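Please take a moment to look over the sequence and the model that follow. The explanation afterwards moves from the whole chain to single residues.

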Amino acid sequence: MAKVAFLGLGVMGYPMAGHLVKAGHEVTVFNRTTTKAEAWAKEHGGSFGATPKEAVQGADFVMCCVGNDDDLRQVCIGENGAFDGMEADTIFVDHTTVSAKVTAELYNTGKAQSIAFVDAPVSGGQAGAENGVLSIMCGGDEASYEAAESVMQAYGRSIKRLGESGAGQLTKMVNQICIAGLVQGLSEGLHFAEKAGLDGRAVVEVIAGGAAGSWQMQNRYETMIDDEFEHGFAVDWMRKDLGICLSTADEVGASLPVTALVDQFYKEVQKQGGGRWDTSSLIKRLRAMG
Ligand code: NAP
């Protein structure tokens, strides 16, 4: 078993770090808001550090799940950052969804200090983190990935290295691009059913097993019909992710017309006050239109 640090105990990180303890690892956590780290340590029996630098002392692996590019930079190379406290030949695994640019920056900074950096964004949402069944898309040096894979198994069900540093984040972008248009399509279908006087539940019952079926349909149709969005993956996070997808598309020369449009729809949901609503709230925008 390994000595592992986990930085960032949000919706995702809190249960992920818990699974590491259950898998038998010796875990020290850090969270910016210390009360959350205290609560985690009380619940799981691990310890916590006051700064990333303190939490990573002696760790073989440092796992991290914070918010965006700037948050990740702060935790890694800011004042009392993790890289200051990590020993040579240890491995940093980043589960945050961030740009390929910050990933390249930190991979190179780490390398200069003999710290390996594996990008490993996740999919599967809060339920996936709580049940320890996340999909994890990885990029980085092969040997570092292989060493980290056994630790990630504590909370991952499908874990794969897609290529060199950055390949995990690029794969996560593909994931978000696929979801954006799909959720809009599902919203339009359920909205149409409502307007046409159909029973949405009965409609889903008959079509979910056919070609229109999807994870989003299976897991979100009921709350969409009931107009409930105080759960799941926040629109603010989705806009961060789609921003990364759209700027990367410019760099690689990909055309993403539907993704760009849905990003604007999410902007309108934010204006409706839905920044923290689940991404399935695209249907709320349609309902507001009449
Ligand atoms: P969250 O609940 O908002 O948690 C964010 C965590 O990052 C908190 O522990 C927060 O600390 C910490 N943090 C933020 N900025 C920081 C900074 N500058 N320095 C130190 N710590 C900082 O977010 P989440 O839902 O867990 O998502 C985390 C990441 O996973 C995001 O990149 C998100 O896009 C991605 N993701 C989320 C989901 C999902 O369904 N939620 C699914 C897949 C991927 P405090 O407690 O002090 O605020």
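The paragraphs below describe the chain as a whole, then one helix, and then several individual residues.

The model shown here is a predicted one. Its protein chain contains 14 helices and nine strands. The radius of gyration is 20 Å, close to the 19 Å that the globule rule gives for 290 residues, so the chain is as compact as a globular protein of that length. Measured out along the principal axes would be one way to picture this; the C-alpha trace spans about 65 × 45 × 35 Å.

The interior and the surface may be considered next. Of the 290 residues in the protein chain, 49% are buried. Among contacts with a separation of 6 or more, 66% are between residues 24 or more positions apart. The accessible surface of the protein chain amounts to about 13200 Å², and carbon and sulfur atoms hold 51% of this surface. As for charge, the protein chain carries 24 positive and 37 negative side chains. The centres of these two sets lie 4 Å apart.

Helix α8 shows how buried residues can be arranged within one element. This helix covers residues 142–152, and its buried residues are Ser-144, Tyr-145, Ala-148, Val-151 and Met-152. Viewed down the axis of α8, they fall within an arc of 110 degrees, so they line one face of the helix. The general geometry of such elements is relevant here: an α-helix has 3.6 residues a turn, so residues three or four places apart point the same way.

One of the buried residues of α8, Val-151, is also among the contacts of Val-4. Val-4 belongs to strand β1, which comprises residues 3–7. With a relative accessibility of 2%, Val-4 counts as buried. Apart from neighbours within four places in sequence, Val-4 is in contact with Leu-20, His-25, Glu-26, Val-27, Thr-28, Ala-59, Phe-61, Met-63 and Val-151. The C-alpha atoms of Val-4 and Glu-149 are separated by 13 Å, although the two residues are 145 residues apart along the chain.

Strand β5, residues 91–94, holds Phe-92. The relative accessible area of Phe-92 is 0%, and the residue is buried. When residues up to four places away in sequence are not counted, Phe-92 touches Leu-7, Val-62, Cys-64, Leu-72, Cys-76, Ala-82, Phe-83, Met-86, Ile-115, Ala-116, Phe-117 and Val-118. Between the C-alpha atoms of Phe-92 and Ala-2, which are 90 residues apart along the chain, the separation is 13 Å.

Loops also deserve attention. Is Thr-279, in the loop between α13 (257–271) and α14 (282–289), buried or exposed? At 4% relative accessibility, Thr-279 counts as buried. Its contacts, leaving aside neighbours within four places in sequence, are Val-183, Phe-233, Ala-234, Val-235, Met-238 and Tyr-266.

Two further loop residues are notable for their backbone angles. Asp-89 lies in the loop between α5 (82–85) and β5. Its phi is near 65 degrees, a positive value in a residue other than glycine. Asp-89 has a relative accessibility of 69% and therefore counts as exposed, since the cut-off is over 50%. Ser-114 is located in the loop between α6 (100–112) and β6 (116–119). Ser-114 likewise is not a glycine, yet its phi is positive, at about 60 degrees. With 40% relative accessibility, Ser-114 counts as partly exposed.

Notes
Residues are numbered from 1 along each chain as its sequence is written. This is a predicted model: local features need pLDDT of at least 70, side-chain atom pairs count only at pLDDT 80 or more; totals for chains, interfaces and linings use all residues. Side-chain values use heavy atoms; hydrogens and water are left out. Helices (H or I, at least four residues) and strands (E, at least two) are DSSP runs, numbered from the N terminus. The radius of gyration is taken over C-alpha atoms; the globule rule is 2.2 Å times the number of residues to the power 0.38. Buried means under 20% relative accessible area, exposed over 50%, partly exposed in between (1.4 Å probe, protein chains only). Contact means heavy atoms within 4.5 Å. Accessible areas come from the Shrake-Rupley method with a 1.4 Å probe; for residues, only the protein chains shown count as cover. Lys and Arg count as positive and Asp and Glu as negative; His and the chain ends are not counted. The place of a charge is taken as NZ of Lys, CZ of Arg, CG of Asp or CD of Glu. The arc is that of the directions from the helix axis to the C-beta atoms.
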